Amino acid sequence: QVQLVESGGGLVQPGGSLRLSCAASGRFVSVNRMGWYRQTPGKQRELVAAITGDGSTNYADSVKGRFTISRDNAKNTVYLQMNDMKPEDTAVYYCNCNARITLVAHDDYWGQGTQVTVSS
């Protein structure tokens, strides 16, 4: 019912910047919380940043001050601006959202993931 399409991953040098985008489409009443997670081989997926419908945000300690999450509610799109990137930011980044699919039901959805590599 909800599809998440991510874009913006790639290769960047240490200290560089990337911007990820994720657009939600499909049949839903509204999109509530949206967020970005990341995962490296052999490790659990971890929260990077999340934002609620009214704009409240939270970040992993490792990215505070470097990453900024934002959203465009009219476009059902969430962004992750990543600055001063470090090799340890290398991971597959996944978009996540909680969407209200009927007036009484909501569910979580995931994007397909986009590779981010920080290397010189």
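Two strands count as paired if DSSP finds at least two bridges between them. I start there, since the first thing to show you is a bridge. In strand E8, the bridge partner of Ile-69 is Leu-80. Keep in mind that this is a predicted model.

Ile-69 belongs to E7, and E7 pairs with E8 in the antiparallel sense over six bridges. The two strands form a hairpin, with four residues between them. In that turn, Asn-76 has a positive phi of about 50°.

Now look at the side chains along E7. In a regular strand, side chains alternate between the two faces of the sheet. In E7, Phe-67, Ile-69 and Arg-71 point to one face and are buried. Thr-68, Ser-70 and Asp-72 point to the other face and are not buried.

Next, the sheet around this hairpin. In what order do the four strands of the open sheet stand? The order is E1-E3-E8-E7, and the pairing is antiparallel. Strand E1, residues 2-7, and strand E7, residues 67-72, stand at the edges. Each has a single partner strand, so one side of each is left without a neighbour in the sheet. From one strand to the next, the twist averages 15°.

On its other side, E8 meets E3. Strand E3 covers residues 18-26 and strand E8 covers residues 77-82; six bridges join them, and they run antiparallel. As one example, Ala-23 has Thr-77 as its bridge partner in E8.

Let me move to a single residue, Cys-97. It lies in strand E9, residues 91-100. Is Cys-97 buried or exposed? Its relative accessible area is 0%, and buried means under 20%, so Cys-97 is buried. Beyond its neighbours within four places in sequence, Cys-97 is in contact with a set of residues including Val-2, Leu-4, Met-34 and Tyr-109. Asn-76, the turn residue from before, has its C-alpha atom 10.0 Å from that of Cys-97. Those two residues are 21 apart along the chain.

Then the aromatic rings. The structure holds one aromatic pair. The rings are those of Tyr-37 and Trp-110, with centres 5.0 Å apart. Why is the pair called edge-to-face? The planes are at 65°, and planes over 60 degrees apart count as edge-to-face. The pair links distant parts of the chain: Tyr-37 is in strand E4, Trp-110 is in strand E10, and they are 73 residues apart. Tyr-37 is buried, at 16% relative accessible area, while Trp-110 counts as partly exposed, at 40%.

Trp-110 comes up once again. The charged end of Arg-45 sits over the ring of Trp-110, 4.6 Å from its centre. Arg-45 also lies over the face of Tyr-94, at 3.7 Å from the ring centre.

Last, the chain as a whole. How many helices and strands does the chain have? There are zero helices and eleven strands. Of the 120 residues, 40% count as buried. Among contacts with a separation of 6 or more, residues 24 or more positions apart account for 54%. The C-alpha trace spans about 50 × 25 × 20 Å along its principal axes. For 120 residues, a compact globule would have a radius of gyration near 14 Å; the chain has 14 Å, which agrees.

Key:
Residues are numbered from 1 along each chain as its sequence is written. This is a predicted model: local features need pLDDT of at least 70, side-chain atom pairs count only at pLDDT 80 or more; totals for chains, interfaces and linings use all residues. Side-chain values use heavy atoms; hydrogens and water are left out. Buried means under 20% relative accessible area, exposed over 50%, partly exposed in between (1.4 Å probe, protein chains only). Contact means heavy atoms within 4.5 Å. Axes are lines fitted to C-alpha atoms, for helices over the stretch in contact, and angles run from 0 to 180 degrees between N-to-C directions. Rings of Phe, Tyr and Trp (its six-membered ring) pair if their centres lie within 6.5 Å; planes under 30 degrees apart count as stacked, over 60 as edge-to-face and the rest as tilted. A charge sits over a ring if NZ of Lys or CZ of Arg is within 6 Å of the ring centre and within 35 degrees of the ring normal. The radius of gyration is taken over C-alpha atoms; the globule rule is 2.2 Å times the number of residues to the power 0.38.
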